[in-house]
Every structure is written in C-alpha cells, then in structure tokens.
Amino acid sequence: MPVEIPKDTWTGAVREVTIGATAAEGGTRATTVTIGGATTMPFMHFEGSIPHRPLIAVEIVNHRPDDWSHLLLDAWGDAANDPAAWAKAAEQAGADLIQLSLNQTGADGNPITPESAVAATKAVLEASGLPLMVFAPGQAELDNELLVPIAEATKGERIVLGIAEDKNYRTIVAAALANDHLVSARTAMDVNLAKQLNILIGDMGLPLDRVVMDPTTGALGYGIEYGYSVMERLRLAALQGDAMTQLPMLVTAGYETWKTKEAKVGEGVPQEWGDWTARAINWEVVTAVALLESGADIVVLRHPESIARVRAAIDELMAVPAAG
Amino acid sequence: MALTGIQIYKLLPQTNCKDCGFPTCLAFAMKLAAKQVELSSCPHVSEEAQAQLAESAAPPIRLVTLKANGHEVKAGNETVMFRHEKTFYHKTGLFVRVRDDEGPDAIKARVAPADAYAVNYVGMDLTLDGFAIESTSNDPAQFEAAIAAVRSASQRPIILISRDPAVMAAGLKALDGESPLIYGADAANWEAMAALAGQHSAPLAVIGATLDDLADLTQKIQGAGVEDMVLHPVATTLGASLALNTQIRRLALKKNFRPLGYPLIAFAGNDPVGETIAATQAIAKYAGFVVLDHFAPETVYSLLVLRENIYTDPQKPIQVQPGVYEINNPKPEDPVMVTTNFSITYFSVANEIEGAGLPGWLLVTDAEGMSVLTAWAAGKFDAERIAKAVKQFSIADKVSKKRIVLPGHVAVLSGELEEELPDWEVRVGPREAVDLPAFMKQAL
C-alpha cells in the first residue's frame, strides 16, 4: 500500500556561517568552510535542505599539554610538541578546521604572554591553510589580554574567537567586530541562556552570521542527555522561526570526553570497562555521533582515530538517499 | 480518531471498581487517552464500548514483549519523538548475534561472557538483554544445536533468525514455552511465518525496505491473526536508516497509522567500528531492539551507558546516594568537601578530585537531586541540611581534622554552618569543580 511520507513543515532555517577568509576575501586561508543553512532537523534530507555537512574541528594546543592523556599524546607523537606541526598533522588526519586552545602556561612553565599566543596563532595559520578557531584559557581577564592582540594580528582571517560567555563577551565581541572575526558563544546547557547571550552579542552590532553557539554538553555518562536535549530544543526552536536560536552549534565532544575517567584512566578501573584505548575512542565517538544526531554543526575532537570514524559517520548521514 | 479522556470515560462502566489497577474510571480513561494502558485492563467494559474504544485505546506503537525464563524485554508504547517532550519509556534491548555454523562450543564460549557481563554505572548494574541466533546452515538440526548451546550458557530472551519456515519451526520448538522474536517475515514467506507466530504466541519481525512494503506485510499478517510485530526497515546507510526510523515513528505517533505502529529492530552491522556508530544512532533514534555482531566490553559499556542516558526521564534528575564518598583512598588527615546529590554535580566534583589524584572525603548531602546553586535557591542545600549530613554519616569518626570545605557558590552559608557545627572549621572552596584540585593543593 502506498504510504505518504510524513513531512514536518518548518518556517525557519539555521543561519549560514562562514569561517575563514581566502586571499581574495582579505585573509590567507586556502579554503573557507560554511555551516548551517538547514531547514530541517539533522539529516532529514527527505523534508528539507541541508546545504552544509557538519564539520570536524581538531583541537590542538599552543604547546604540548601536560594535562592530556598520554593516549592522545602518543597518537599525535612529536607533532604535539609544536602547534604548527600539530596543525599540519590535524589537517592530514582529516580536520575540516583547527581549534587552537591556548594553555594558561607557556611551554617554559611561565604564564602565557600575549606575544607567545600571537606567535602560536600565526604559526598555525602559516602551517595550515584550514580555517581556524582560537580558544583562550577561559579566564576572563587573561582571555581578553590574549584574544585582543590575536584578533588584531590576524585581522580579516575570519577566525572564531572563543569563548564568549555571559560574564565575558564584550571585549571579545568588540575584537571580532573590529577585525573581521567571529565568536563562539558558550552557555551552560540552557535554551534561554543561549538565546540571551545571542541577543547581547547581537546588540553589540556583531552580525549573527558571525556567531556560532556552544550550548555546552556533557560526555557520555556525564550529562550528555542534557546537552543532547538542549540542542534538540534549540534546533526545533530555530526551525519554528525563533531568530535567536538560529545559529549553528559547536560542541566540544573531545574536551568533555577526555575529562572522563573512562577515557583518562587505564589502571585500577573495573574489568568490565574493557580495553582502555578502544574504550576511550569509543567514548569520544559515541559522544560525538549522539551530538551530531541532535544538531551539532561542528564537533571538536581530539583523537585521530575518532576523527576518522566520525568522518565516516558524517559521510553516511549526508548521503542523500535516492528519491522514492 | 483519538478520543479525549472525558469521551472515553463516558464509555466506561463508571463504577470505580479499581479492577484495572487505577483508583477511578476517570483516571483509567485519562491513561487510555494518553495511550499508556490497554483497554483490556478493564474486565467490565461492554462489547459495544469496546468496539468504539478499540481504535482510540490501543497505544500508537504496540508494546511487544520477548520472554524467556523469567527475563523480559519490552519495546514499544512510546509516546514522543524527542525525549524532552516527555521521556522514552522502554530501553532499547541489546542483543548479541551468534550463527549456527560457528559450532556449539564456539557459540557457548561467546555467549557465556556476554551473558555474565554486568557493569556498574551510577549504582546500577547494566547488562545485555539477550541473544540472536541465526541459521546460516539452513539445517534445522544445526539450528537446534546452536539454540541448545546458547541455552546452556544463558537464560535470556532470544531472537531467532531464519527466513525458512521449516528451520524456524524447529527453532521455535526448541524454545517451547518462551516468547522469542521470530525474524522474520518477508513478502515470500509471510504466510508460513505468521502461522508459526500464531502457534507459538511469539512476536514476528517484518522485513521490508520501504514503508509501503512494510505496511503491506503488516496488514496481511494482522489479517492472519498476528498482533505482535516488530518492524525491520532495511537500510544500507546511517542516513537512510535514520530517515526510515523517523518516518515510521512519526506515522505512528502523529498520524496514528496502525500498519506501522510497531517497535523497530536494527542490525548494527558486521564491522566492529561501524557497529558502535550504528548502534549509537539506533539507541538515540527509535530502535526497540538492536542486534550486535560482537561482544566487547569496551563497546558494550559505552552503548549501555548511552541507553541509560537517552532513556533517563528528563523531568527527574539522576541522583546519587547521599553519603560519604572516599576518593583516592583518603586517610584521616585528608580534607572533607561537601556537595549535593545531583549526579552531574557529584560527577564533576568527584572527577576533578579523582583525576588530580588527590585523596579526599566527599560528603554528598541530600539536596533532592539539585545542583549547588539551584538547591541553595530552593532551600534544599543549607547549613542545617549540611550539618545533618555531617552527623548522619558520622564523618567526624573518619577524620582527624574537623575541617569542611563548602562550594564557593554557597560561601554565604559559612557563618550559619559554623553555628551548626561549632567544633568544625568551615572553609570556602572554589565556585567551580575544575578549580578544586588547585585549591586543595594550595589552600588545604
């Protein structure tokens, strides 16, 4: 019997956001990436348009991080000693874009300086032609000290500057506004907080097609269901026409995963947890795939094997089935 | 079309006899309207009313139960597309497949550890639900031998896989008295399979690549008297599978489309990497049963936890048991820190301390499952409650130094807590868990 395919009708769409700028556009990137634009829920190709695939950002650090699991450091090898080499390795591993995280301390153990942060950013820009996101350590005063000179030194590159939060967004947004960059707006797993921050950022005059929102998630087993449902609710609201939720979403699946005991700890854990490396990668992949299903436009990952697996999953999810 | 609770109530006996298990006919009617119970729970309803209510009363996705030896796995009776709209009710059943050409010894060796597997997650023991046994030999005797091998190692529910009715008949006979899932019926064999399902009162999986094919088959099979069915929408990619599962769920829930109002089964595939990803999607997006080809603890653990997370009721925060948690084998001189029993709060704090390798005593107070600030605002995390927990769990007997660290967000409680606990030193810690290790190293 012929069954009519049930299609939901949506009035809204996610904004398109382009990250990076080529030489012709005032930057130096070899390519740019565009996310958003969807007029339906994730991967519902049969009822709407999904013009851009979700992207994988790979997180690198301005110097070899001493708080990362050795599983990650072993996987990246010597590349992790140097942000430029790491960026190249990330590109080879299949990154669509790079997230450079700035550590609070420099390689010499002293606090990071604006000069060294700018130098690391420039080194990454020179080493890889991929679009870039730069995330400061997450401490208001320090973040501003680092991000303003970075924004100025890379004017026109359309970098995503992070992290704009309710307590600290003005300086970062102003720096993005003045230097043709974007911002990542992070709020704590709450639809209304996310909307509110987007409104505040919009009120400063930054066009919303230069904002990605990070609604925050927990890793698998550590609150993923909150992030998952907040993302579904934000995306549903966006499609129903709520302008302040119509931003593409970024989630730091790698960061959250590699905080968990399941990923971090190899000894003295229950036998039922199985092989450590395989478990850690599973944890990152399951977290990332579940969040893609709930609406992520950028997933930030850490392990090279996770990148390959999540990329394969995105390929399958974006393969538009033949009509019929 | 669907009736409202009041409309249904008018058709019920209105005697409030409680035989249905609900206190009043109105309460039962409301449950019927919400499609959470079946009309058959009321023994007194008239035949006339029954006919009127039948259409309205059945849940839009039929509840199907696999049974064996006291174990049950249920799927169906779901009411929403997104978990935040209410909740997902019946956790996806996870099954591991064996094939009869592996031979009885190999089968037993694979089934035994999977059957015994139980992993603790926030105080719950999570396990697999059963096994799928496939006849690849197409030989009834070999199928029976494989079933016997599985049954020698596990008493959990079974999914029998063969398209050949003669082989399936042998399998069902070997599992007499159980309700295994028969997999399955296709356009070629549905009549014989439906007859077997009827004889053994076992649910029948229906296989089809399109909604049209599936709906055709379920109607024919229902015409043959079989009510309990499970759908397998066959798809070759994650995207196609997601689309089919979503369409079927929508048709059932939003259109009350009976021919597709059944739970779904998914086969996660045969390579271990792709299998994890396919199972992730299937758990999140509507499968009632998932069949895995491999049993590896590191994979099964992640999938069981995902299932737990997705099927958690969003209206009820997950709580941990209040009490004293020992982190990194603390000694009497190590610090005492206090937090609430909201699971995410507990995990954030415990993880930071544990990850930093610092020993400590974590006192988890009963804040009714709320986070620190929320609980404080609601009056569920105050000096009185903290002092009560200190006494109730006799933390003073475990430590040599009576010093307690409050979360920075509730620094305002320190004065009151000093009054409640006069012989304790009260310290204010950082606001965020992530800053706790540094605080412990520097300030304690």
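In which strand of chain A is A:I163 found? In this predicted model, A:I163 belongs to strand β6 of chain A, which covers residues 160-164. That residue is a handy place to start, since the peptide bond leading into A:I163 from A:G162 is cis, with omega near 10°. Chain B offers a cis peptide bond too, joining B:Y183 and B:G184 with omega of about -10°. Here B:G184 lies in strand β8 of chain B, residues 181-185. One further backbone feature deserves a look: A:D180, although not a glycine, has a positive phi of about 60°. A:D180 sits in the loop of chain A between α5 and β7 (182-186). As background, most residues other than glycine have a negative phi, and most peptide bonds are trans.

Turning to the overall form of chain A, its secondary structure consists of 11 helices and 10 strands. The radius of gyration of chain A is 19 Å, close to the 20 Å given by the globule rule for 324 residues, so chain A is as compact as a globular protein of that length. Measured out along the principal axes, the C-alpha trace of chain A spans about 70 × 55 × 35 Å.

Within chain A, one helix pair is worth following in detail. Helix α4 (residues 140-153) and helix α5 (residues 170-178) of chain A pack with their axes 9 Å apart, at an angle of about 5°. That angle makes α4(A) roughly parallel to α5(A). On the α4(A) side, the contact is formed by A:D143, A:N144, A:L147, A:V148 and A:A151, and on the α5(A) side by A:T171, A:I172, A:A175 and A:A176. By class, the residues of this contact of α4(A) with α5(A) comprise 6 nonpolar, 2 polar and 1 charged.

For chain B, the domain assignment gives domain 1 (5-57), domain 2 (64-310) and domain 3 (323-443). The centres of domain 2 and domain 3 of chain B, taken over C-alpha atoms, are separated by 45 Å. Chain B also holds a helix pair of interest: the axes of helix α4 (residues 104-116) and helix α5 (residues 140-151) of chain B come within 8 Å and cross at roughly 35°. The crossing of α4(B) and α5(B) is right-handed. B:P104, B:I107, B:K108 and B:V111 of α4(B) meet B:A145, B:A146, B:A149 and B:V150 of α5(B) in this contact. The contact of α4(B) with α5(B) has 7 nonpolar residues, no polar ones and 1 charged.

The two chains meet at an interface in which 48 residues of chain B are in contact with 43 residues of chain A. On the side of chain B that touches chain A, at least two residues each come from β4 (119-121), α8 (211-223), α9 (238-255), α10 (272-284), α11 (297-310) and α12 (343-355) of chain B. Among these, α9(B) gives the most, with 11 residues. Sorted by class, the side of chain B that touches chain A has 23 nonpolar, 16 polar and 9 charged residues.

A helix pair spanning the two chains adds detail to this picture. Two packed helices are described by the angle between their axes and the distance between the axes. Helix α10 (residues 276-293) of chain A packs with α10(B) at an angle of about 45°, and their axes are 9 Å apart. The helices α10(A) and α10(B) are therefore oblique to each other, and their crossing is right-handed. From α10(A), the contact draws on A:N282, A:V285, A:V286, A:V289, A:A290 and A:E293, while α10(B) provides B:T276, B:I277, B:T280, B:Q281 and B:A284. The residues of the contact of α10(A) with α10(B) fall into 6 nonpolar, 4 polar and 1 charged.

Key. Residues are numbered from 1 along each chain as its sequence is written. Chains are lettered from A and ligands numbered from 1 in the order in which they are written. This is a predicted model: local features need pLDDT of at least 70, side-chain atom pairs count only at pLDDT 80 or more; totals for chains, interfaces and linings use all residues. Two residues are in contact if their C-beta atoms, placed from the backbone, lie within 7 Å. Helices (H or I, at least four residues) and strands (E, at least two) are DSSP runs, numbered from the N terminus. Ala, Val, Leu, Ile, Met, Phe, Trp, Tyr, Cys and Pro count as nonpolar, Asp, Glu, Lys and Arg as charged, and the others, Gly among them, as polar. Domain bounds come from an automatic or database domain assignment. Axes are lines fitted to C-alpha atoms, for helices over the stretch in contact, and angles run from 0 to 180 degrees between N-to-C directions. Angles under 35 degrees count as roughly parallel, over 145 as roughly antiparallel, 65 to 115 as roughly perpendicular and the rest as oblique. A crossing is left-handed if the near helix is turned anticlockwise from the far one by less than a right angle, and right-handed if clockwise. The radius of gyration is taken over C-alpha atoms; the globule rule is 2.2 Å times the number of residues to the power 0.38.
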